Amino acid sequence: MSTLSLPQQPGERIEERDDIGRLVGVMYRSAAVPAGGPRILAAVAGEHATRHIIAPLLRWRSEFGWPFDLHLVTVVPYCSKEAAERVFVVQAGSGTAVAEALLQEAGMAYTVHQIMGHPAAAILARADALDARMIVMGARDQGLVESVLLGSVAREVVASAKVPVTLAR
């Protein structure tokens with residue numbers, strides 16, 4: 001069961017604030033969500049990766065008729081309270097814009113979660129809070145050295161997720 005208070009109506013917007021009143025999250029729903037389907041969290045960022053993430057979701061719905069409740073998540077780095085009001089929503093909106101356009105064109109409902117924080121931790125926490133049944137996200141092509149030195153959000157999520165993770169490339 002979800003521990004979040006999710007938007008119930010299309011266009012409804014819910015803001016999340018931390019203990020100092022800083023805007024740290026925004027949620028909104030595009031349209032009524034089909035009843036009875038599992039929740040799938042799609043972590044989106046960047047146009048190229050987002051297209052690879054959304055494509056299988058659209059295929060699952062059209063080819064197999066699988067109903068699901070899609071939750072788009074984008075995570076932006078922490079910023080000051082003042083910057084959060086001006087910058088956060090713009091940065092987060094650019095992270096979901098491509099996915100939203102593709103889903104609207106396909107007539108598929110979704111809920112957007114724009115979150116401030118560390119990407120892997122925020123994705124995992126939101127998946128838990130949503131009681132998501134799957135996480136779909138992109139994976140960068142990194143060599144061994146880059147992966148060891150830089151780390152990877154996808155690697156962190158795969159290693160710690162309580163649900164299956166599908167990596168789109």
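Running from the N terminus, the elements go β-β-β-α-β-α-β-α-β-α-α-β, which comes to 5 helices and 7 strands (DSSP runs, with helices being H or I of at least four residues and strands E of at least two, numbered from the N terminus). This is a predicted model, where local features need pLDDT of at least 70 and side-chain atom pairs count only at pLDDT 80 or more, while totals for chains, interfaces and linings use all residues. Residues are numbered from 1 along each chain as its sequence is written, and side-chain values use heavy atoms, with hydrogens and water left out.

Of the 169 residues, 43% count as buried (under 20% relative accessible area, 1.4 Å probe, protein chains only). About 8800 Å² is exposed, with carbon and sulfur atoms supplying 56% of that (Shrake-Rupley method, 1.4 Å probe). Contacts (heavy atoms within 4.5 Å) reach well along the chain: among those between residues at least 6 apart in sequence, 72% join residues at least 24 apart.

Now for the inside. The largest nonpolar core (buried Ala, Val, Leu, Ile, Met, Phe, Trp, Tyr and Cys joined through side-chain atoms within 4.5 Å) has 21 residues, and Leu 41, Ile 123, Ile 135, Met 137 and Val 157 touch the most other members. At least two residues each come from strands E3 (39-43), E4 (69-76) and E6 (134-138) and from helices H3 (119-130) and H5 (153-160); H3 gives the most, 7 residues. Leaving aside residues up to four places away in sequence, Met 137 touches, among others, Ala 43, Ile 53, Ile 123, Val 157 and Leu 167. A second, separate core holds 18 residues, including Ala 99, Tyr 110, Val 112 and Ala 168.

Methods. Buried < 20%, exposed > 50% of the residue type's maximum accessible area, 1.4 Å probe, protein only.
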